[in-house]
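User: I am in my first year and would like a close look at a single part of this protein. Please take the largest pocket and the parts around it.

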Amino acid sequence: MNSDAVRKLFETRILPAFQIEYQAMENPAFFIDEDSQDIDGSGSPGLVGVTAGACNQDDFLVIFALAHETAHGVVYLEYRDQGRHCPNAAGYGRKKHEACADLIATRVLISQAPDLWAQVNANLDRMPSILGIATDSHPSGTRRVQMIKSFVAGYNRASVPSSPGFFSSLFCCFGKGSLSTHDAQQKAFDKVFKEIDKSINL
């Protein structure tokens, strides 16, 4: 994509999707580093940026990069909402931030921009090699995609209404109520989020 298309994608699709999910998020400034051909980006509360090199990648990767960097700015909000202490984005805590940003980006895309998620999902198996090996700051691409897939599988299961059996229908008034679709989807997210937060080896 050219820079104008990337900026438009961020301003008209990615950011509005995040603002639906995280209404308390800061309104971030957006920038493109036109001088860098590295494939990189940055995100924090109030700021989202990508390089010109990142803009030149396949559309699915641009979509996910924008969502991932935007997600960095709301990781602390998710930790707050989960009632957990947000780790510093340094040392091993940085790896947790990266994994959480992947997870949040996926949830926002799949729930608020399913057409954009469809492009990412169709290419998910290409991402491990693109994201590369584990570093001091990032889990490996293989591990990152495993966590994304784990959440997506749970989310999709929650999205398919199950048919009650004969006895559960007959005695529905005496049993525990089943989770709503939204609650089941949230539970799928929470499960992976807690796994990331408790992890010692991403």
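Analyst: What follows describes the pocket, then a strand pair and a cavity beside it in the account, and then some salt bridges. The model is predicted.

The largest pocket has a volume of about 620 Å³. Its lining is made of 27 residues, and those nearest the centre are Asp40, His68, Glu69, His138 and Arg144. Two or more lining residues come from each of strand 2, helix 3 (59-72), helix 5 (92-112) and helix 7 (127-131). Helix 3 gives the most, with 6 residues. Sorted by class, the lining of the pocket holds 13 nonpolar, 9 polar and 5 charged residues.

Arg144, one of the residues nearest the pocket centre, also forms a salt bridge with Asp102, with the closest N and O atoms 2.7 Å apart. Arg144 belongs to helix 8 (residues 141-159) and Asp102 to helix 5, so this pair ties together parts that are 42 residues apart in sequence. Arg144 is buried, at a relative accessible area of 6%, and Asp102 is buried as well, at 2%. Buried here means under 20% relative accessible area.

Helix 8 also holds Lys149, which is 24 residues from its partner Asp125 in the loop between helix 6 (114-121) and helix 7. Asp125 and Lys149 form a salt bridge whose closest N and O atoms are 2.5 Å apart. Asp125 is exposed, with a relative accessible area of 62%, while Lys149 is partly exposed, with 37%. A search of the whole structure finds 10 salt bridges. Side chains of opposite charge can pair when their charged atoms come close.

Strand 2, which helps line the pocket, covers residues 41-44 and pairs with strand 3 in the antiparallel sense over 4 bridges. Ser44 has Leu47 of strand 3 as its bridge partner. The hairpin of these two strands has 2 residues between them, and Gly46 there takes a positive phi near 90°. Strand 3 (residues 47-51) is mostly covered, with 4 of its 5 residues buried. Strand 3 also runs parallel to strand 1 (residues 29-33), to which 5 bridges join it. In that pairing, Phe31 stands opposite Gly49.

The hairpin residues Ser44 and Gly46 also appear in the lining of the largest cavity, along with others including Pro45, Val48 and Tyr76. This cavity has a volume of about 50 Å³. Its lining divides into 5 nonpolar, 4 polar and 1 charged residues.

Note on methods: Residues are numbered from 1 along each chain as its sequence is written. This is a predicted model: local features need pLDDT of at least 70, side-chain atom pairs count only at pLDDT 80 or more; totals for chains, interfaces and linings use all residues. Side-chain values use heavy atoms; hydrogens and water are left out. Buried means under 20% relative accessible area, exposed over 50%, partly exposed in between (1.4 Å probe, protein chains only). Two strands pair if DSSP finds at least two bridges between them. On a 1 Å grid over the protein atoms alone, a cavity is a set of points where a 1.4 Å probe fits but cannot get out, and a pocket is an open set with protein on both sides within 12 Å along at least five of seven lines; lining residues have an atom within 4 Å of a point. Grid points are joined across faces, edges and corners, and a volume is the space filled by probe spheres set on the points. Ala, Val, Leu, Ile, Met, Phe, Trp, Tyr, Cys and Pro count as nonpolar, Asp, Glu, Lys and Arg as charged, and the others, Gly among them, as polar. A salt bridge is a side-chain nitrogen of Lys or Arg within 4 Å of a carboxyl oxygen of Asp or Glu.
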